[in-house]
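Thanks for coming. I will take one structure today and walk through it piece by piece.

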Amino acid sequence: MDKKVYICSPFASSAKDKDEKKKETIHNIHTAQVASLYAVMEGAIPYTPHLYFPQFLDDDDQDCRELGQMLGMLWLEECDELWVIGRRISDGMKKEIEMAKKLDIPVRYFVPKRTREERLMDALMFPDYAFREMD
């Protein structure tokens with residue numbers, strides 16, 4: 001287990017309603033946890049900054065959020081691949097993907113298991129991405 005993978009998935013909620021925001025954030029955390037476990041099961045070491053840094057940096061404070069994002073970028077420099085999880089790409093994720101490309105770090109795209117119809121829609125809507133399904 002020596003390949004280091006950077007887990008790139010949404011953290012902050014895009015919802016306006018307080019209850020919906022909380023639900024979406026919990027869902028996003030769970031998604032990052034599942035992706036991290038999947039990486040371990042694939043024999044990789046997951047670097048998941050949005051599971052780690054919010055433990056002691058307040059994501060609702062803009063300065064703390066920017067510090068966490070900067071620290072995450074430093075982690076990215078140490079990784080062998082960047083794994084994009086899901087179909088929604090947040091602004092923070094866009095920056096991570098751009099940085100990975102600048103650093104010549106391979107970017108891989110993962111989605112949960114899909115139906116045949118979802119695979120077809122993804123092929124039509126995202127022709128430039130080769131999604132891999134997570135078991």
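Before we start, a word on terms: helices and strands here are DSSP runs, at least four residues for a helix and at least two for a strand, numbered from the N terminus. With that in hand, one can say that Asp104 is found in the loop between H4 and strand E4, residues 107-112. I will come back to Asp104 later. Please keep in mind that this is a predicted model.

First, the overall picture. The chain has five helices and five strands. Their order along the sequence is β-α-β-α-α-β-α-β-α-β. Of the 135 residues, 36% count as buried. If you take the contacts between residues at least 6 apart in sequence, 60% of them join residues at least 24 apart. The accessible surface is about 8600 Å², and carbon and sulfur atoms account for 54% of that.

Now to strand E1, residues 3-8, and to Lys4 within that strand. Is Lys4 buried, exposed or partly exposed? Its relative accessibility is 23%, so Lys4 counts as partly exposed; the cut-off for buried is under 20%. Ile45 is 41 residues from Lys4 in sequence, yet the two C-alpha atoms are 4.7 Å apart in space. Setting aside neighbours within four places in sequence, Lys4 is in contact with Ile45, Tyr47, Glu78, Cys79, Asp80 and Glu81. There is a polar partner too: a polar atom of the Lys4 side chain lies 3.3 Å from the backbone oxygen of Glu78.

Since Cys79 is on that list of contacts, a remark on cysteines. How many disulfides does a search of the whole structure find? Zero. Cys8 has 0% relative accessibility and therefore counts as buried. Cys79, at 6%, counts as buried as well.

Next, helix H3, residues 62-77. Its 16 residues should span 22 Å at 1.5 Å a residue, and the end C-alpha atoms are 23 Å apart, which agrees. Which residues of H3 are buried? They are Gly68, Gly72, Met73 and Leu76. These cover an arc of only 145° around the axis, so they sit on the same side of H3. What do they pack against? The buried residues of H3 pack against E1, helix H2 (49-52), strand E3 (81-85) and helix H4 (91-102). At the N-terminal end, H3 is capped by Asp61, with a side-chain oxygen 3.0 Å from the backbone nitrogen of Asp63.

That brings us to H4, which is one of the elements H3 packs against. The twelve residues of H4 should span 16 Å at 1.5 Å a residue; the end C-alpha atoms are 17 Å apart, which agrees. The buried residues in H4 are Gly92, Met93, Glu96, Ile97 and Ala100. They lie on the same side of H4, because they cover an arc of only 135° around the axis. On the face turned away from that buried side are the exposed residues Asp91, Lys101 and Lys102.

After H4 comes Asp104, as promised. Its phi is positive, about 60°, although Asp104 is not a glycine. Asp104 has a relative accessible area of 70%, so it counts as exposed.

Moving on to strand E4, this is where Arg108 is placed. Arg108 has a relative accessible area of 25% and is therefore partly exposed. Where is its partner? The side chains of Arg108 and Glu81 are joined by a polar contact of 3.2 Å. Along the chain the two are 27 residues apart, and their C-alpha atoms are separated by 7.4 Å. You have met Glu81 already, among the contacts of Lys4.

The last residue for today is Asn28, in helix H1, residues 18-41. Is Asn28 buried or exposed? Asn28 counts as buried, because its relative accessibility is 6%. A polar atom of its side chain lies 3.0 Å from the backbone oxygen of Phe11. Leaving aside neighbours within four places in sequence, the contacts of Asn28 are Pro10, Phe11, Ala12, Ser13 and Arg88.

That is what I have. Questions are welcome.

Conventions
Residues are numbered from 1 along each chain as its sequence is written. This is a predicted model: local features need pLDDT of at least 70, side-chain atom pairs count only at pLDDT 80 or more; totals for chains, interfaces and linings use all residues. Side-chain values use heavy atoms; hydrogens and water are left out. Buried means under 20% relative accessible area, exposed over 50%, partly exposed in between (1.4 Å probe, protein chains only). Contact means heavy atoms within 4.5 Å. Accessible areas come from the Shrake-Rupley method with a 1.4 Å probe; for residues, only the protein chains shown count as cover. A polar contact is a pair of N or O atoms within 3.5 Å; within protein, one must be able to donate a hydrogen and the other to accept it, and residues adjacent in sequence count only if both atoms are side-chain atoms. A disulfide is a pair of cysteine sulfur atoms within 2.5 Å. The expected span of a helix is 1.5 Å times one less than its number of residues. The arc is that of the directions from the helix axis to the C-beta atoms.
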